[in-house]
Amino acid sequence: MKTKRNIIIALAFFLCANAFAQSSAQARKVLDRAAAIVGSRSGAAASFSISGGTMGRTTGNIAIKGNKFKATTPQATIWFDGKTQWSYMKSTNEVNISTPNEAQRMSLNPYAFISMYRNGYNISMKTKGNTYVVHLKAMHPARSVQEFYITLSKSYHPKIVKLLQGKKWVTIYINNFRTAAQPDSLFRFSRSNAPSAEIIDLR
């Protein structure tokens, strides 16, 4: 009887593990499709709104090209060329130059997942209405983004990104996603963008 029970438990475990593996594989395929669209070589653009975390609540527009982006909100304009970030704060007339970590990049660029999900995360997925909801959880506690959710349309366009920053959740809603050619110069700050601003190098 005990042997039979152990066999049943082992079978149940195998079926659950197999189902998780299938979910993970399907989720990765969905993210691969989304990354191919979002990571268009020519570029893309969208509007967004952010709530939660230290960001509070704000709206804006974003242009992207690979892992580069330019985000514009009523409070600030942020340029990221893949390595260096320039943040122009209108209230203080300052430009802060920094090298952001992945959590900082993701809180400003909802498409940063295209360079993050492939390594270091356990991935699962469920279908909710006409969307895919993909859950990613870091394998290592030192990862700067420990957990996040990506909601995608059935056409693989990101709709919502929800990520855990410290102990607070930040939610980014994405609208009007479209492919649009973007010049590389768009993602670097130029002195002409803020001629009178004080430049503060935080690197």
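This is a short talk on the strands of one chain and on a residue in strand β1.

A word on the source: the model is predicted. The chain has 203 residues. Its secondary structure consists of 2 helices and 12 strands. Going along the sequence, you read α-β-β-β-β-β-β-α-β-β-β-β-β-β.

Some totals for the chain. Buried residues make up 42% of the 203. The accessible surface is about 11,200 Å², and carbon and sulfur atoms hold 54% of that. Among contacts with a separation of 6 or more, 50% are between residues 24 or more positions apart.

Now the sheet. It is open, has 12 strands and shows mixed pairing. The order is β7-β8-β9-β10-β11-β1-β2-β3-β4-β5-β6-β12. Which strands stand at the edges? They are β7, residues 121-128, and β12, residues 198-201. Each has a single partner strand, so one side of each lacks a neighbour in the sheet. On average, and ignoring direction, neighbouring strands are turned by 20° against each other.

Take the β7 edge. The partner of β7 there is β8, residues 131-138, and the two pair in the antiparallel sense over 8 bridges. One pair to look at is Asn 122, whose bridge partner in β8 is Lys 137.

Next, β1, which covers residues 44-52. In the strand order, β1 sits between β11 and β2. Towards β2, residues 56-65, there are 9 bridges, and the strands run antiparallel. Within that pairing, Phe 48 stands opposite Gly 60. Towards β11, residues 168-179, the pairing is again antiparallel, over 8 bridges. Here Ser 47 has Asn 175 as its bridge partner.

Is β1 enclosed or open to the outside? Of its 9 residues, 7 are buried, so β1 is largely enclosed by the rest of the structure.

One residue of β1 in detail: Ala 45. Its relative accessible area is 10%. The cut-off for buried is under 20%, so Ala 45 counts as buried.

What is Ala 45 in contact with, leaving aside neighbours within four places in sequence? The list is Ile 62, Ala 63, Asn 176, Phe 177, Arg 178 and Gln 182. Ile 62 and Ala 63 fall in β2, while Asn 176, Phe 177 and Arg 178 fall in β11. Asn 176 is 131 residues from Ala 45 in sequence, yet the C-alpha to C-alpha distance is 7.9 Å.

That is the end of the talk.

Methods. Residues numbered from 1 in each chain as written. Predicted model: local features only at pLDDT ≥ 70, side-chain atom pairs only at ≥ 80, totals over all residues. Heavy atoms only, no water. Helix = DSSP H or I, 4+ residues; strand = E, 2+ residues; numbered from the N terminus. Buried < 20%, exposed > 50% of the residue type's maximum accessible area, 1.4 Å probe, protein only. Contact = heavy atoms within 4.5 Å. Areas by Shrake-Rupley, 256 points an atom, 1.4 Å probe, with all protein chains shown as cover. Pairing = 2+ DSSP bridges. Axes fitted to C-alpha atoms, helices over the stretch in contact; angles between N-to-C directions.
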